[in-house]
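Subject: Structure handover

Hello,

Here is the structure for you to open. My notes on it follow below.

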Amino acid sequence: YAQRMKDGNYPEIAARAESLLDSARERLAYWDVTPDQIAELETSRQPRRTLAVVSPAGGLVVEKMDQALEGMYAKAGMNLYKIADLSTIWVEVEVFENQIPWLRVGQRALVELPYEPGKQYTGRVRYLYPFLDDKTRTMKASVELPNPGRRLKADMYANVTFEIPSVRDV
């Protein structure tokens, strides 16, 4: 309609038709339809009954919910997938009770995996848990670590060395 009115003798009607087209594009964008999908609709000029939903979050699908089935109707607020960004991970470290006074948030930590001896990953302590495990007498510390190439996986074991500042004039 907008294309036909564009070449017509009535500029007011052509402007309204173009405004209607812009409004339709904007509404599709509000529904998170990607610009590529909108462009494809414009070039094909064919309405579609279904449309692929593209996630606004990047990462890895770690869990698919029961209601996420192909061809289903999805409503706003439905959880369909759990997506995790694994470019940065948190390593949970258990620290013995007598080592706790030496730890600080922001402190550098070196992480080494048993199957990659000699290769170290560098991270920082991001959180020190405020309680001890009463059975093991350990405290947990969380170390934030970049994960280049997504080589580090959940539930892996690692050896962690904390860089402790040395005491001067002693």
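A cut-off first: a residue is buried under 20% relative accessible area, exposed over 50%, and partly exposed in between. Please keep in mind that this is a predicted model.

**A39**

By that cut-off A39 is partly exposed, because its relative accessibility is 36%. A39 belongs to helix α3, which covers residues 35-44. How far apart are A39 and S87 in sequence and in space? They are 48 residues apart in sequence, and their C-alpha atoms are 31 Å apart.

**The sheet**

The model has an open sheet of 5 strands. Their order is β3-β6-β5-β4-β7, and the pairing is antiparallel. Which strands form the edges? They are β3 and β7, and each of these pairs on one side only. Strand β7 spans residues 159-162. From one strand to the next, the twist averages 40°.

Look at β4 and β7 together. These two strands run antiparallel and are joined by 4 bridges. L110 stands opposite T161, which is in β7.

**The core**

The largest nonpolar core has 16 residues. Which of them touch the most other members? The answer is V143, L145 and F162. Four elements give two or more residues to this core: β3 (88-96), β4 (108-112), β5 (120-133) and β6 (138-146). As background, nonpolar side chains in soluble globular proteins tend to be buried together.

L145 is worth selecting in your viewer. Leaving out residues up to four places away in sequence, L145 touches S87, T88, I89, V91, V111, Y121, T122, G123 and L152. So S87 appears here as a contact of L145, while the C-alpha of S87 is 31 Å from that of A39.

**S142**

Is S142 buried or exposed? S142 is buried, because its relative accessibility of 2% falls under the 20% cut-off. This serine lies in strand β6. Again leaving out residues up to four places away, S142 touches W90, V91, R124, V125, R126, Y127 and Y129. Several of these names come back below.

**Aromatic pairs**

How many aromatic pairs are there? The count is 2. One pair is Y127 with Y129, edge-to-face, at 4.9 Å centre to centre and 85° between the planes. The other joins Y129 to F131. That pair is edge-to-face too, with 6.0 Å between centres and 70° between planes. Together, Y127, Y129 and F131 make one aromatic cluster.

How accessible are these three? Y127 is partly exposed, because its relative accessibility is 37%. Y129 is also partly exposed, at 22%. F131 has a relative accessible area of 52%, so F131 counts as exposed.

**Charges over rings**

Which ring does the charged end of R126 sit over? It is the ring of W90, with 3.6 Å to the ring centre. Both R126 and W90 are among the contacts of S142. K119 lies over the face of Y121, 4.8 Å from the ring centre. Y121 is also one of the residues that L145 touches.

**Where to start**

I would open the S142 region, then go on to the aromatic cluster of Y127, Y129 and F131. Y127 and Y129 are both contacts of S142. After that, turn to L145 and its neighbours, including V111 and L152.

Best wishes

Notes: Residues are numbered from 1 along each chain as its sequence is written. This is a predicted model: local features need pLDDT of at least 70, side-chain atom pairs count only at pLDDT 80 or more; totals for chains, interfaces and linings use all residues. Side-chain values use heavy atoms; hydrogens and water are left out. Rings of Phe, Tyr and Trp (its six-membered ring) pair if their centres lie within 6.5 Å; planes under 30 degrees apart count as stacked, over 60 as edge-to-face and the rest as tilted. Buried means under 20% relative accessible area, exposed over 50%, partly exposed in between (1.4 Å probe, protein chains only). A charge sits over a ring if NZ of Lys or CZ of Arg is within 6 Å of the ring centre and within 35 degrees of the ring normal. A nonpolar core is a set of buried Ala, Val, Leu, Ile, Met, Phe, Trp, Tyr and Cys residues joined through side-chain atoms within 4.5 Å. Contact means heavy atoms within 4.5 Å. Two strands pair if DSSP finds at least two bridges between them. Axes are lines fitted to C-alpha atoms, for helices over the stretch in contact, and angles run from 0 to 180 degrees between N-to-C directions.
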